[in-house]
Amino acid sequence: MPSKTSFTKHLRFHKKKKQETDEFKPTPAQEPAKSTANKTPDILERYASRRMNLRRSPSPEPVDEGQSDPVYANVLGAGHHYVMGAGRHYVTDLDGGFGGWAGAEYNEGNGHDDSGGSSGSTSASGPDRVDDNSSVASDLNTLDFKKNFHDDLLKAIQNINSTGKFAFCTKYRAPSDLSISIDGVGNIATPLAESQARQIITKARQAPYGKGTETFVDTSVRNTWELDPSQFTIISAMWRNYPPNACAKAAEQMGINKPVRAKLYKMLLYDEGAMFKPHTDTEKIPGMFGTLVISLPSKHTGGEVVMKHCGEKMIYKSSDYHTSIAAWYSDVSHEVLPVTSGYRWVLTYNLAIDKSLPAPSAPLGRSELRPPRHCIRRWLAQDKKSRQSPYTYHMLEYEYTEANISYKTLKAQDLARVTALREACNGLPVTIFLALVEKMERGSVMANPLGWYNESDEESDEGGHCIEDVLESSLAVKFLQDLNGQVVPGKMFIKEDHLLQPFTFDSLDPDKEDYERHTGNAGAQATHWYFLGQGVVIVPHDSIGGFFRQSQSEYGCQPEEFPQTQINYLAQLCCKPDAQDYLITTMVNLVKRAVPHIEKQRHILTDTSVMPNVLKASLQHGKYVLAETILSKLSGYLPYEWYSWLREWLIRDDGEARALKRFDKVKRGLSIAMSSDDKLDHKFDATAHLVPLPKDLPPNAIPTPKFIKDWAQQNIRKFLDGHGLKEATTQDGLSLVNMSLYFEDPILFMKESVVPIFEKQTAAPSFRFKILSRLMVLMADGTLPSTEVVALSQTMARMLIASQDFTLLRDAKVIGAQEKKRKAEPWMDDDRDLSRIRQVRSQLRNAITWETLRNFFLFLHKLGDLRDQFMTKVNKQAHKLPAVELFSMWIPFLQSSVEILEVEKTPLTTPSYQKFFSTLILTMLKGYLGSEPQGSVNWSMVGVDCWCEDCERLNAFLAHPTRISARYPMSKQRRFHFHQEIQAAHVACTHVTERNTNPNTMVVTKTGRPEEVKLQDWRKRRDQCAAKFAKFEAEDLKTLLGSDYAKIERLGPRPAQTTTSQSPAAGEKRAADNAPEVIDLTSE
């Protein structure tokens, strides 16, 4: 894949490609006009722009001596500074020596800014506050833009310049008492002698370089020696202040007015030939933004550091000075040229700022703020439909990632320009975001004789591919963050004509490619992604809803009806009491538009926090109509915790009168929500969080007002008196019993409202088991009277045994295990897969486990003679019980029942128990294990369910009685068809691709004769059955089965006995001995 190139080196709007020279040093006789003669229009524009910004006030103050101008530094060449004085500009070298006049005297008072007024002076303490009433009013009277909005704003932004530079270097005197001690070498005198340099190398190691997340040692890329700070000590009383002073100098030159800290990183020693190829620095400490280098006294030649950024270049020659310092931002590309003689000896420091501090910024003047503010105000004054673009995007110069892009981490020129935009837009109805943009292009690949793709080698994806015709293109906002650091999640799309620089991505190499080979009917295609695109987005408040709704479709950039992540972002902001009106209005409008679409396609609401946040914001800001809409139509998406929040919003310490007033605002929506088709357990849990029982209230909580309690009772009766339960679940059973606690006589409520439902739900055994279990719990903890509970439970248990079809019982563990093993078939579309998932969930809601049966068996003992009725009913239905459930659920239940009978002192010789056990065990052996299949020598097997030419050849092979393997040379698409058909038909064979032929060959091999496969499966089931019965005591089985025990013995030797949860270890009581009085009939 071609390497990524910084987009700033490839911008093609209004510019020609920059022609660079390695270094150009003008003599004193050379004039600036000559110095700039060979420079591009880009540099000349910046040169002229900088001159225009140097307006002279009546009492001009010269810039600090030694401060270089990056534009002039690039024009004049490395090693020189452009110094601005009182009316004259001259060039100096790094020592401050005269290098020639840069230009003649000029009068600053004659200049005019873009708005037509005279330029103002810049305050030394920072930017002046823009007086919107005076400085902008006249500008709004202009009829139109000078060119158009995009060009005017782009020019205004480009004229915003930072006082800081991307890099700097200067001579810096070292302490007179400087000495360095290196472990194993001793004190090093300065300047560094060759003999001691060789000694240092013996203690050093080759410095590595980073590539991605890995580090490598490769002297062809980086050839230098390094020592860690732990290996040396700087001996100097004056050194303590030296790095901080150098750090302060770096901050001043780089335009950072916040505290900067420097952390020592390495000592580097470059001997003859040592170098480091172009690279950028990675973040090594939190808050790192750059690198500081202190060059120690050591004679050498070569070893220049060439720093490049955004078409500018600076060269640091440490060989010219006894000691010097240099610094640059981390993403500045820099290289160390080979040392030609001597030793280059440096200390490197990581520069960082405290991330908790406000972002560093350079001073801004009124003259820099007026043009963008005037331009944006003209834009906003236009009718919304007449604007050149509804929002606009400006690319930044430096590179950022999702991890480090924020207002606080902007660098140099980017920081100055974004800060200026922020100040210029102060009070205007716009929001500014930082964004990362990715461009995608998909199209046909041209047939290139140089080998963009090779038709004869369809397996090769190596190399890049040139897109000939672009079929689809998009600009995706991959990351969006406001200037306060709030991230807007989700992906939005913008149109290319919304960019201020419309050719930003032109001439860039793609960062990623997805290549699709030709398939016969369709030619080869490629998709390219360009990741580089960090910028600032300016969005008017009246367009922010449209901006958030931009999505991508096959027809291009289209509005999205439900931008849920963006709505959630707005809702979270609107939950704050000081939320701005435009945010609330935007949120309300987006949600109103989205609700009908969510109703039709409920699966599109994937984030469960969206609607709770929207409701919270709506209620806090009085948007009751929207709140009622959501409650009445989308209540199923509200988590229970939201109702707890609603209770806190309703019931406060300001009296019941105000609580009633608030409740009246939401009562209708809540009542509609509670009468919806949502599941019973969901509606009851919502009620329980909104109106908790007194015993469930936290300490010091305000009691629930009576009018809310009455409303809760009315809705509970509506739950049961309305449509009833369509599909009762375990949780519904729990909810029904808990509902009774909201009434004065819970038992009466159960008899009148719950028992009729219980009687009808014969297809929901887990629901019925849960009701009986919950009743026993409430009896045990004293919530309900025991006498009445036992009587009610006897009635309901008899009802269950008489009406329940036990063949409907399904093992939850089996369903879960089968679902884990299941793989989505290639032919299954999303709708079918979703339907299957819903079916599985429905089965799980009504499934039970063997523990459920065990607990019900124990529960029946407490209710009289009901156990015999249960066993008789099961015996009659045994032959219809599913074989898998017999093995996985009923046999473990029987094993646990033996323990219960022994604890109850019930003899195993009791005829009813012997019949019950033998019926279930023998039925399982017959249905699950079956008879042993007979072997055969026939290799023929059933083929695939397809009759295409390829599959007919495959079926002929599969049906052949003696052939075991077959080879099929074919294309990748045809091989994939084989794979699909073999998988779908579950044919017992392997299919692998040999890639040493052209075309590749698929080899299909039969893995076993069908009869052998059946025999292997049977033996596996036999071993499983033997393991199950090994958990029983052999004597217990003999007693229960009598002569039929011989069938158990024929399963083979009993596996070694292991201690399980069902069989206690020696010396311990059985589980039933210590079984609690309360039994959960549906424990998982």
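This passage walks through the cysteines, salt bridges, nonpolar cores and one well-covered helix of the structure above.

The structure is a predicted model, in which local features need pLDDT of at least 70 and side-chain atom pairs count only at pLDDT 80 or more, while totals for chains, interfaces and linings use all residues. Residues are numbered from 1 along each chain as its sequence is written, and side-chain values use heavy atoms, with hydrogens and water left out.

A convenient place to start is the cysteines. The model contains 0 disulfides, a disulfide being a pair of cysteine sulfur atoms within 2.5 Å. For C574, which is in no disulfide, the nearest cysteine sulfur belongs to C575 and is 7.4 Å away. C574 is buried, at a relative accessible area of 0%. Here buried means under 20% relative accessible area, exposed means over 50%, and partly exposed lies in between (1.4 Å probe, protein chains only). C169 is buried too, with a relative accessible area of 4%.

Charged pairs come next. Side chains of opposite charge can pair when their charged atoms come close. The structure has 23 salt bridges, each defined as a side-chain nitrogen of Lys or Arg within 4 Å of a carboxyl oxygen of Asp or Glu. One of them joins K266 and E226, with 3.8 Å from N to O. K266 sits in strand β13 (residues 260–270) and E226 in strand β11 (residues 225–227), so this salt bridge ties together parts that are 40 residues apart in sequence. Helices (H or I, at least four residues) and strands (E, at least two) are DSSP runs, numbered from the N terminus. Both partners are buried: K266 has a relative accessible area of 11%, and E226 one of 4%. Salt bridges that share partners also link K266 and E226 with R205 and D228 in one network.

A second salt bridge pairs K633 with E599, whose closest N and O atoms are 4.0 Å apart. This pair connects two helices, K633 being in α14 (residues 624–634) and E599 in α12 (residues 581–600), so parts that are 34 residues apart in sequence are tied together. K633 is partly exposed at 36% relative accessibility, and E599 is partly exposed at 33%.

A further salt bridge lies within one helix. R953 pairs with D950, and their closest N and O atoms are 3.7 Å apart. The two residues are 3 apart in helix α29 (residues 949–959), which separates them by about one helical turn. An α-helix has 3.6 residues a turn, so residues three or four places apart point the same way. R953 is partly exposed at 37% relative accessibility, whereas D950 is buried at 12%.

Attention now turns to the nonpolar cores. A nonpolar core is a set of buried Ala, Val, Leu, Ile, Met, Phe, Trp, Tyr and Cys residues joined through side-chain atoms within 4.5 Å. The largest has 152 residues, and the members that touch the most others are F548, F870, W890 and F1029. Leaving aside residues up to four places away in sequence, F548 touches F433, L480, V488, M492, P563, Q566, Y569, L570 and L590. Another core, apart from the largest, has 91 residues, including Y242, Y329, V336 and L500.

Finally, helix α17 (residues 680–690) is mostly covered, with 9 of its 11 residues buried. Charged residues appear in this buried set, among them D681, K683 and D685, alongside others including L680, F684 and L690. The buried residues of α17 pack against α15 (640–650), α16 (656–674), α18 (706–721) and α19 (730–739), contact meaning heavy atoms within 4.5 Å.
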